[in-house]
Amino acid sequence: MIVISFGLSLNLQDGAYCLYRPYFYLTARKGFMESYRTIKQEISAEFVERRSKFIGHIKPVQTEDDAITFIQKIKTKHWDATHNVYAYSLKTGQTRRYSDDGEPQGTAGIPTLDVLLKAEVTDAVVVVTRYFGGIMLGAGGLVRAYSQAASLAIEASGILQMQQCHLIQISCNYNQYGKVSSLILEYNGQIDDTSFGEHVSVQFHMSYENFNRFEKQLADVTCGTVTSVVIGKDFFAVSTL
């Protein structure tokens with residue numbers, strides 16, 4: 001079963017929530033699985049449009065405090081810029097905020113946020129710095145320029161597909177360790193930690209869907225003597241787009 005969840009917010013003024021477009025992320029249920037897209041790394045990209053220089057800065061974040069800290073960092077670095085427009089999207093609370101930073105209303109912050117939403121990217125903040133070159137771009141030109149700067153930043157960073165996974169722990173004897181570790185990798189699990197004592201303790205994460213099949217195979221190869229314990233859940237990158 002596939003469930004599409006929609007999050008809406010209200011466009012009131014600079015820095016407020018934005019309702020002009022529904023944001024959605026995909027939640028697939030098959031033993032329950034949730035995924036979302038975010039950016040890969042902090043990076044900047046720039047271009048010149050009719051003598052104005054636009055620099056798109058982007059960073060993965062998880063909280064509003066993280067986003068605000070990054071925005072202030074860019075504003076401090078580019079204190080002499082004409083504008084430092086920003087937008088960010090957070091998965092938690094489906095928070096969407098933006099600022100035109102002095103540009104005509106609707107020509108900068110909203111187009112920047114719109115790029116994040118169209119790319120279905122969340123947990124990310126974008127700041128577009130503009131150094132005015134002396135030639136007016138007009139409303140349409142500003143929309144295109146800020147959209148391009150945000151798009152270039154996303155492209156330069158790359159997109160990660162994040163998936164919620166089980167955090168799992170297994171304890172086995174040394175004779176079983178080779179089979180167990182190979183089986184984890186066979187079902188696309190990622191080993192996070194291994195400790196060697198009287199027994200071998202392995203901690204790893206694996207998608208919900210793969211884990212159901214893994215458990216059955218684990219029972220077969222160890223004759224039921226090794227069992228897995230789910231100790232939590234978290235999001236992990238499963239692919240780069």
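Helices (H or I, at least four residues) and strands (E, at least two) are DSSP runs, numbered from the N terminus. With that in hand, select V229: its place is in strand β12, residues 228-240.

Before going on, a word about the model. It is predicted, so local features need a pLDDT of at least 70 and side-chain atom pairs count only at pLDDT 80 or more, while totals for chains, interfaces and linings use all residues. Residues are numbered from 1 along each chain as its sequence is written, and side-chain values use heavy atoms, with hydrogens and water left out.

**Stop 1: V229 in β12**

Is V229 buried, exposed or in between? At 46% relative accessibility, V229 counts as partly exposed. Here buried means under 20% relative accessible area, exposed means over 50%, and partly exposed lies in between (1.4 Å probe, protein chains only). Now show what is around V229: leaving aside neighbours within four places in sequence, V229 is in contact with L167, I168 and Q169. Contact means heavy atoms within 4.5 Å. You can also draw a C-alpha to C-alpha distance from V229 to S171; they are 58 residues apart in sequence and 9.1 Å apart in space.

**Stop 2: the whole protein**

Zoom out for a moment. The protein has 5 helices and 12 strands. Buried residues make up 47% of its 241 residues. Among contacts with a separation of 6 or more, 69% join residues 24 or more positions apart. Switch on the surface, too: the accessible surface comes to about 12,100 Å², and 51% of it belongs to carbon and sulfur atoms. Accessible areas come from the Shrake-Rupley method with a 1.4 Å probe; for residues, only the protein chains shown count as cover.

**Stop 3: S201 and G197**

Next, select S201 in strand β11, residues 200-207. S201 is buried, with a relative accessible area of 19%. Which residues does S201 contact, leaving aside its neighbours within four places in sequence? They are Q169, I170, S171, D193, T194 and S195. The C-alpha atoms of S201 and N173 are separated by 8.8 Å, with their positions 28 residues apart along the chain.

Step back along the chain to G197, in the loop between β10 (190-196) and β11. G197 is partly exposed, with a relative accessible area of 42%. N173 is a useful partner here as well: G197 and N173 are 24 residues apart in sequence and 9.6 Å apart in space, C-alpha to C-alpha.

**Stop 4: α4 against α5**

Colour helix α4 (residues 174-186) and helix α5 (residues 208-221); their axes come within 11 Å and cross at roughly 160 degrees. That makes α4 roughly antiparallel to α5. Axes are lines fitted to C-alpha atoms, for helices over the stretch in contact, and angles run from 0 to 180 degrees between N-to-C directions. Angles under 35 degrees count as roughly parallel, over 145 as roughly antiparallel, 65 to 115 as roughly perpendicular and the rest as oblique.

The crossing of α4 and α5 is right-handed. A crossing is right-handed if the near helix is turned clockwise from the far one by less than a right angle, and left-handed if anticlockwise.

Show side chains next: K179, V180, L183 and I184 in α4 meet F214, Q217, L218 and V221 in α5. The residues of this contact divide into 6 nonpolar, 1 polar and 1 charged. Ala, Val, Leu, Ile, Met, Phe, Trp, Tyr, Cys and Pro count as nonpolar, Asp, Glu, Lys and Arg as charged, and the others, Gly among them, as polar.

**Stop 5: α2 against α3**

Now move to α2 and helix α3 (residues 138-157), which pack at an angle of about 40 degrees with their axes 8 Å apart. Their crossing is right-handed. P111, T112, V115 and L116 of α2 make the contact with V143, Y146, S147, A150, S151 and I154 of α3. By class, the contact has 7 nonpolar, 3 polar and no charged residues.

While you are in helix α3, pick A149. At 0% relative accessibility, A149 counts as buried. Not counting residues up to four places away in sequence, A149 touches F47, F54, G56 and V128. A149 and A45 are 104 residues apart in sequence and 7.1 Å apart in space, C-alpha to C-alpha.

**Stop 6: two backbone angles**

Most residues other than glycine have a negative phi. Select D123, in the loop between α2 (109-118) and β8 (124-131). D123 has a positive phi of about 55 degrees although it is not a glycine, and D123 is buried, with a relative accessible area of 5%. Finish at Q94, in the loop between β6 (83-90) and β7 (95-99). Q94 has a positive phi of about 45 degrees, and it is not a glycine either.
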